[in-house]
Amino acid sequence: MKTKHLCCAMALIGSLAIVEISAQQRIEACNGRSYGLGDTLTIGLPAPSGYLFIRSIDEQGNVKPVYERDITGLKVVITSIPEYNKKLYESMGIYEQSDRFRLVMVEGGGKRFCISLDEALSRGNVMSDCKISSVEGAVDLTPSILYVYALKLYQTPVDEKIVDEYISLCVPEEFEKVSADPFALEDMRKSYQIKLKQELDRVDFSRVFRLKCLSELQQYDMEKECFPLSGFSCVDVKTKQDNELSKLNYCLWEECAFHFVNASRFMSLPVDRARAKGFYSMRKYAGTPSYDKPVATLYVYVRMKEQPVKLPEKKIMVFSKGTNFDFSWSTLDKVYGKKALDMDIIKVDGYNDLYPYVAGEVVYNYLGSITW
């Protein structure tokens, strides 16, 4: 039925000329916010099939599809809130008449658009509560940075094996190709040995790093005005986890393991009631089923602790790297003891990303922050 409606809407596009007559000054949206003339909206991400809830308006006032894919982040200003017009509303895929005003006319970047506001907000075509997550001086954490800090913390001597591991973390594909050529490998080792020494000299344990994590949002706590979090699942970590490390709440990322020492203080995301109500309204408006648990995108800012970690002397099975399946017995401390780092979380910014598994920076549907 929705497909039929969209096809009908597309048939109307191009045959309808728009005359902008603002019926009122403000419009109530599904995210709980009120938007009025002169307010700024930020264009969000298109769906795989495009911007279904945004239409462009040409110079003659005709409604047409938005073919551009590069308008994410475009700032547009509301110029009018048109009264109900059957042809206009049907051209935007709205076939039921209601007392609510649902469309806004906007301008920005030399373009004019008509936006079905509720649908656009609940599907991410328009950003709600846009906020860029940042901490001054913070950089995104990588496996190579972790490795350098572990080498510095445990004063590990740099030999050829250490240099090779560092190269494999920095440029894994290039290192694999060069490994078959001893002369090219020798040149690469010399270059990265110099780079590694420079990075070791620049190590600063007061520096702030950022990780992008996901966490399932639990039911909103009306009394405490917060969303309890289920934990921190680091988006960029693809390494197979060691069960014994996981039991100690350490996350293995390539060569090194890390642990959020004060994670328990960051398990409740403060969100004011109005924003939380808008969060539930948007999910309801988008038709999200109750079994589809909401997932928050978290930007977690950390500092590494300048304290060596002592892991248990628990026996574990260690498989050799390569194509064979040889293994030997060792202990957690011997295998990971000089590659384990503890971290303190200093800040968490939370977002209700409508598409939590899409790569890229999340700056919309900001929920709240935790600082310590």
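Biologist: In which loop is Asn-365 found?

Modeller: Asn-365 is found in the loop between S20 and S21. Please bear in mind that this is a predicted model.

Biologist: What is the phi of Asn-365, and how should one read such a value?

Modeller: Most residues other than glycine have a negative phi. Asn-365 is not a glycine, yet its phi is positive, at about 55°. As for its surroundings, Asn-365 is buried, because its relative accessible area of 4% falls under the 20% limit for that class.

Biologist: Where does Asn-249 lie, and is Asn-249 buried or exposed?

Modeller: Asn-249 lies in the loop between helix H8 (243-247) and strand S14 (251-253). Its phi is near 65°, again a positive value in a residue other than glycine. Asn-249 counts as exposed, since its relative accessibility is 57% and exposed means over 50%. A further positive phi, near 50°, belongs to Gln-155, which follows H4.

Biologist: How many residues of helix H4 are buried?

Modeller: A helix can be read residue by residue for its cover. Helix H4 (residues 143-153) is mostly covered, with nine of its eleven residues buried. Among them are Pro-143, Ser-144, Leu-146 and Tyr-147, and the buried set also includes Val-148, Tyr-149 and Leu-153.

Biologist: Which elements do the buried residues of H5 pack against?

Modeller: They pack against H4, helix H6 (172-178) and helix H7 (182-201). The buried residues in helix H5 (residues 160-170) include Ile-162, Val-163, Ile-167 and Leu-169. Asp-164 and Glu-165 are also among them. At the start of H5, a side-chain oxygen of Asp-159 comes to within 3.2 Å of the backbone nitrogen of Lys-161.

Biologist: What does the side chain of Asn-125 reach?

Modeller: A side chain may make a polar contact with the backbone of another residue. Here the side chain of Asn-125 reaches the backbone nitrogen of Phe-53 at 3.3 Å. Asn-125 itself lies in the loop between helix H3 (117-123) and strand S9 (126-127). Its relative accessible area is 2%, so Asn-125 is buried. Leaving aside residues up to four places away in sequence, Asn-125 touches Ile-43, Gly-44, Leu-45, Pro-46, Ala-47, Tyr-51, Leu-52, Phe-53, Ile-54 and Ala-120.

Biologist: How many aromatic pairs are there?

Modeller: The count comes to 13 aromatic pairs, taking rings whose centres lie within 6.5 Å. One of them joins Tyr-84 and Tyr-89, with 4.8 Å from centre to centre and 55° between the planes, and is tilted. Tyr-84 counts as partly exposed because its relative accessibility is 28%, whereas Tyr-89, at 2%, counts as buried.

Biologist: Why is the pair of Tyr-351 and Tyr-366 classed as edge-to-face?

Modeller: The ring centres of Tyr-351 and Tyr-366 are 5.6 Å apart and the planes meet at 65°, so the pair is edge-to-face; the limit for that class is over 60 degrees. This pair links distant parts of the chain: Tyr-351 belongs to strand S20 (residues 340-351) and Tyr-366 to strand S21 (residues 366-371), 15 residues apart. Tyr-351 is buried at 0% relative accessibility, and Tyr-366 is buried at 11%.

Biologist: Which charged end sits over the ring of Tyr-366?

Modeller: The charged end of Lys-131 sits over the ring of Tyr-366, 5.3 Å from its centre. Elsewhere, ring pairs link Tyr-220, Phe-227, Phe-279 and Tyr-280 into a cluster.

Biologist: What radius of gyration does the chain have, and what would a compact globule of 372 residues have?

Modeller: The chain has a radius of gyration of 26 Å, while a compact globule of 372 residues would have one near 21 Å. The C-alpha trace spans about 75 × 55 × 40 Å along its principal axes. The chain has ten helices and 21 strands.

Biologist: How may burial and contacts be summarised for the chain?

Modeller: Buried residues make up 47% of the 372 residues. The chain exposes about 19,900 Å², of which carbon and sulfur atoms supply 52%. Among contacts with a separation of 6 or more, residues 24 or more positions apart account for 70%.

Technical notes:
Residues numbered from 1 in each chain as written. Predicted model: local features only at pLDDT ≥ 70, side-chain atom pairs only at ≥ 80, totals over all residues. Heavy atoms only, no water. Helix = DSSP H or I, 4+ residues; strand = E, 2+ residues; numbered from the N terminus. Buried < 20%, exposed > 50% of the residue type's maximum accessible area, 1.4 Å probe, protein only. Polar contact = N/O pair within 3.5 Å; in protein donor to acceptor, adjacent residues only side chain to side chain. Contact = heavy atoms within 4.5 Å. Phe/Tyr/Trp six-rings, centres within 6.5 Å; stacked < 30°, edge-to-face > 60°. Lys NZ or Arg CZ within 6 Å of the ring centre and 35° of its normal. Rg over C-alpha atoms; globule rule 2.2 N^0.38 Å. Areas by Shrake-Rupley, 256 points an atom, 1.4 Å probe, with all protein chains shown as cover.
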